[in-house]
Amino acid sequence: MSNPLYSSKSQQHASHIQYPNLSQHHQLRHATFTRHGGVSPAPYDSLNVGDAVGDSVKNVAENLMIMKRSMDVPRILSTRQTHGTEILIAGADTTETAAAAWQADAMITNRVDTGLMIKQADCQAVILFDPRKNVIANVHCGWRGNVGNILGRVVRTMTDHFHCRSGDLVAAIAPSLGPCCAEFVTHKEIFPPDFNEFRVSENHFDLWRLSSHQLVMEGVDQRNITVSEICTRCHMDRFFSYRGEGVTGRFGTFVMLK
Ligand SMILES: [Zn+2]
């Protein structure tokens, strides 16, 4: 599979991938970090940012510092992700501690130097950016997020609250479960019937295409959406996978306005 992404790794920088449609905007800094370059031992090896998976608080804090140094970022907000549809609008006074106590699966901000990070292990992180209004969002979207249409809610919040035009938005879907591994044997009970359009075999679904569709339904231009097309479960050498590993870490996808 050809892939439009590139990786970097050096002594100073934790390994990460970036998305070409976001990289061309110089007022933006973004990355999906791989699992490499951190300090956590197995099964959280090694750049784990999950603070509720069994890894030590000290290791997670050290890994966050490595990310901040790597990206030259003063602060990174991340919330208590609950597979819900709550959205945190981060302002100048939103501290890392306040965000960490906030139950939300999406963050939006128009503040500079305010990093937004989603923690992942199979679920999607979806970065949204409005280059005209300079507004960013970062969304945690697993299958429950798709059922609750958190992506649609975030786009509507960006248009209602920040006066964004959905047609201006640029989006990137980070490594996450691919159609090869997104198996839901109980899909008849948990998915609405219209998700069948994204069913690729008896029990497998293309959640990447479903998320793209949910964005397009809110007016996002398909041509402005990049899908990494990297399945986490198929690439446990580079990313954490809950389905593949059970007890494991979380990798981080991050975005910030400069
Ligand atoms: Zn796979």
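A residue counts as buried when its relative accessible area is under 20%, as exposed when it is over 50%, and as partly exposed in between. The model discussed here is predicted.

Q: Is C231 buried or exposed?
A: The cut-off for a buried residue is under 20% relative accessible area. C231 has a relative accessible area of 3%, so C231 is buried.

Q: How does C180 count in terms of accessibility?
A: The relative accessibility of C180 is 45%. Values between the cut-offs of 20% and 50% fall in the middle class. C180 therefore counts as partly exposed.

Q: Which residues are the protein donors of the zinc ion?
A: Each donor atom is an SG atom, lying 2.3 to 2.4 Å from the zinc ion. The donor residues are spaced C-C-x49-C-x2-C in sequence. They are C180, C181, C231 and C234.

Q: What is the arrangement of the four donor atoms around the zinc ion?
A: Four donors count as tetrahedral if all angles lie between 85 and 135 degrees. Around the zinc ion the angles are 104 to 116 degrees, so the arrangement is tetrahedral.

Q: How many residues apart in sequence are the parts that C180 and C231 tie together?
A: The donor spacing of the zinc ion is C-C-x49-C-x2-C. C180 sits in the loop between β10 (170-173) and α6 (187-190), while C231 sits in the loop between β11 (225-227) and α8 (242-245). The pair therefore ties together parts whose separation in sequence is 51 residues.

Q: Which element gives the most to the lining of the largest pocket?
A: The largest pocket holds about 600 Å³ of space. Its lining has 29 residues, with H83, A121, C123, H140 and R250 closest to the centre. β7 (115-120), β9 (135-141), α4 (143-147) and α8 each supply at least two residues of this lining. The one that gives the most, with three residues, is α4.

Q: How many charged residues are in the lining of the largest pocket?
A: By class, this lining has 11 nonpolar and 11 polar residues. The charged residues number seven.

Q: Which element supplies the largest share of the lining of the second largest pocket?
A: About 290 Å³ of space lies in the second largest pocket. Among its 15 lining residues, D51, V60, L64, S78 and A100 lie nearest the centre. Both α2 (57-71) and α3 (96-100) supply at least two lining residues. The largest share, five residues, comes from α2.

Q: How many nonpolar residues are in the lining of the second largest pocket?
A: Three residues of this lining are polar and four are charged. The nonpolar residues number eight.

Terms used
Residues are numbered from 1 along each chain as its sequence is written. This is a predicted model: local features need pLDDT of at least 70, side-chain atom pairs count only at pLDDT 80 or more; totals for chains, interfaces and linings use all residues. Side-chain values use heavy atoms; hydrogens and water are left out. Donors are N, O and S atoms within 2.8 Å of the metal (3.2 Å for Na, K and Ca); water is not among the atoms, so sites may look incomplete. Four donors count as tetrahedral if all angles lie between 85 and 135 degrees; four count as square planar and six as octahedral if opposite donors are over 155 degrees apart and all others between 65 and 115; anything else is irregular. Helices (H or I, at least four residues) and strands (E, at least two) are DSSP runs, numbered from the N terminus. Buried means under 20% relative accessible area, exposed over 50%, partly exposed in between (1.4 Å probe, protein chains only). On a 1 Å grid over the protein atoms alone, a cavity is a set of points where a 1.4 Å probe fits but cannot get out, and a pocket is an open set with protein on both sides within 12 Å along at least five of seven lines; lining residues have an atom within 4 Å of a point. Grid points are joined across faces, edges and corners, and a volume is the space filled by probe spheres set on the points. Ala, Val, Leu, Ile, Met, Phe, Trp, Tyr, Cys and Pro count as nonpolar, Asp, Glu, Lys and Arg as charged, and the others, Gly among them, as polar.
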